[in-house]
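Trainee: Please take me through this model one question at a time, and explain each term when it first comes up.

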Amino acid sequence: WDGPNPGARCEVFISNIPRDAYEDLLIPLFSSVGSLWEFRLMMNFSGENRGFAYAKYGSSSVAADAIRVLNGHVLEAGSCINVRYSTEKRHLCINQLPVDTKQEELLKVVRAMVEGVDSVSLKAGPGINGVSAIVAFSSHHAASMAKKILAEAFKKQFALNIFVKWQIAVKPSLDEPLLLEASPLKRPCLFLTPSQRKAPPPRLTSQTPNLPTSCRAVGGPTAPPSSSSSSSSSSQGHDVSVPLPATLLQKLCEMTGFSQPLYELHYSYTGPDGFLHFTYKVRIPGITLPFTGAVMILPGPSVGGLLEEAQQAAAQQVLHRIYSTQL
């Protein structure tokens, strides 16, 4: 690499990658847009990829081109990858520190253990066991390296069992609703063989879609074979991929003469297991009462990604209620 190191908004987050896709396919694809500075494909111990990766370019303009060109790209029949900006997380939360922990002393200790530490801040309050600290790093790489070794280093040096996790730098406000006006959604990925393309598309009313039991969070495990990313057979025997819940709900509204659904999401709290809890209200113009409920998702790389996952989970619940009551 001959140029300067990449700055802000040079990295993209890639999700919905097929489990059998690896660097030999992905790196040439993302290099076709511009020179890659770094490519990270997340792997399981079993040797399969985890369904997501990060590609970093030399400039933000090339990253923008990658999103424009490759978002929705078909890697294999029935699978469209999602490409969007990555929020490079640089904050770690250290839990279960002693109550007498001093900020200046902790900063010296952490800097002696790992590199790239910018600052340390302490927090305590209801629901916090002991004292927690937020450690800011100079880069995502430094933070990820520290996350791997800090717990073991504290245990070895101080006989302390601490818990280290990523800190979400920006959280949705509890006071202001997060309104997701019905923006243009991605077209559903429907793939038929050349001989099948003239056949009429499957109707939503002819067969209940095989909806997943939970919405996959960004960075989480890939959905099981019965999920929206898998293929199912229609009544004509054609193999089709089931669109995402929000796309299904939008299409259902169009077919029945209603306007597009409007989503209102409120962040509630983060559970001890790391799941983010949201309440939702989905209004469909033409239907008197809105659909309300609650969903939970895992943290993702960006606030936009969190909202997208919460929207999909809410749409999924609405679809289940519509089909169960045959509205």
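Trainee: Which residue forms a salt bridge with E48?
Mentor: Please keep in mind that this is a predicted model, in which local features need pLDDT of at least 70 and side-chain atom pairs count only at pLDDT 80 or more, while totals for chains, interfaces and linings use all residues. Residues are numbered from 1 along each chain as its sequence is written, and side-chain values use heavy atoms, with hydrogens and water left out. A salt bridge here is a side-chain nitrogen of Lys or Arg within 4 Å of a carboxyl oxygen of Asp or Glu. For E48 the closest N and O atoms of the pair are 3.1 Å apart, and the partner is R19.

Trainee: How many residues apart in sequence are the parts that the pair of E48 and R19 ties together?
Mentor: We first need the elements, where helices (H or I, at least four residues) and strands (E, at least two) are DSSP runs, numbered from the N terminus. E48 lies in the loop between β2 and β3, whereas R19 lies in the loop between β1 and α1 (23-31), so the salt bridge ties together parts whose separation is 29 residues.

Trainee: Which word describes E48: buried, partly exposed or exposed?
Mentor: Buried means under 20% relative accessible area and exposed means over 50%, with partly exposed in between (1.4 Å probe, protein chains only). E48 has a relative accessible area of 35%, so the word for this residue is partly exposed.

Trainee: How many residues apart are D65 and R68 in helix α2?
Mentor: The side chains of D65 and R68 meet in a salt bridge, at 3.4 Å from N to O. D65 counts as partly exposed at 30% relative accessibility, whereas R68 is exposed, with a relative accessible area of 62%. Both lie in helix α2 (residues 60-70), about one turn of the helix from each other, and the separation is 3 residues.

Trainee: How many residues apart are R84 and E308, which link distant parts of the chain?
Mentor: R84 and E308 form a salt bridge whose closest N and O atoms are 3.6 Å apart. R84 lies in strand β6 (residues 82-85) and E308 in helix α6 (residues 303-325), and the separation is 224 residues.

Trainee: What is the order of the strands in the open sheet?
Mentor: Two strands pair if DSSP finds at least two bridges between them. Strand β2 (residues 36-43) pairs with β3 in the antiparallel sense over 6 bridges, strand β1 (residues 11-15) pairs with β3 in that sense over 5 bridges, and β1 and β6 are antiparallel over 4 bridges. This gives an open sheet of 4 strands with antiparallel pairing, in the order β2-β3-β1-β6.

Trainee: Which are the edge strands?
Mentor: An edge strand in this sheet pairs on one side only, and this holds for β2 and β6.
The residue S15 gives a view of the inner part, with F52 as its bridge partner in β3 and N82 as its bridge partner in β6. The edge strands, to answer you, are β2 and β6.

Trainee: Why is strand β3 largely enclosed by the rest of the structure?
Mentor: Strand β3 covers residues 49-57, and the reason lies in how many of its 9 residues are buried. One of its residues is F52, which is buried with a relative accessible area of 5%. The strand is largely enclosed because the number of its buried residues is 8.

Trainee: Which residue in the turn of the hairpin of β2 and β3 has a positive phi?
Mentor: Along the two strands, L36 stands opposite Y57 in β3. The hairpin has 5 residues between β2 and β3, and the residue in the turn with a positive phi, of about 100°, is G47.

Trainee: Which residues form one aromatic cluster?
Mentor: Rings of Phe, Tyr and Trp (its six-membered ring) pair if their centres lie within 6.5 Å, and planes under 30 degrees apart count as stacked, over 60 as edge-to-face and the rest as tilted. The structure holds 6 aromatic pairs, among them the tilted pair of F13 and Y54, at 5.3 Å centre to centre with 55° between the planes. The rings of F52 and Y54 have centres 6.2 Å apart and planes at 85°, so this pair is edge-to-face. The cluster consists of F13, F52 and Y54.
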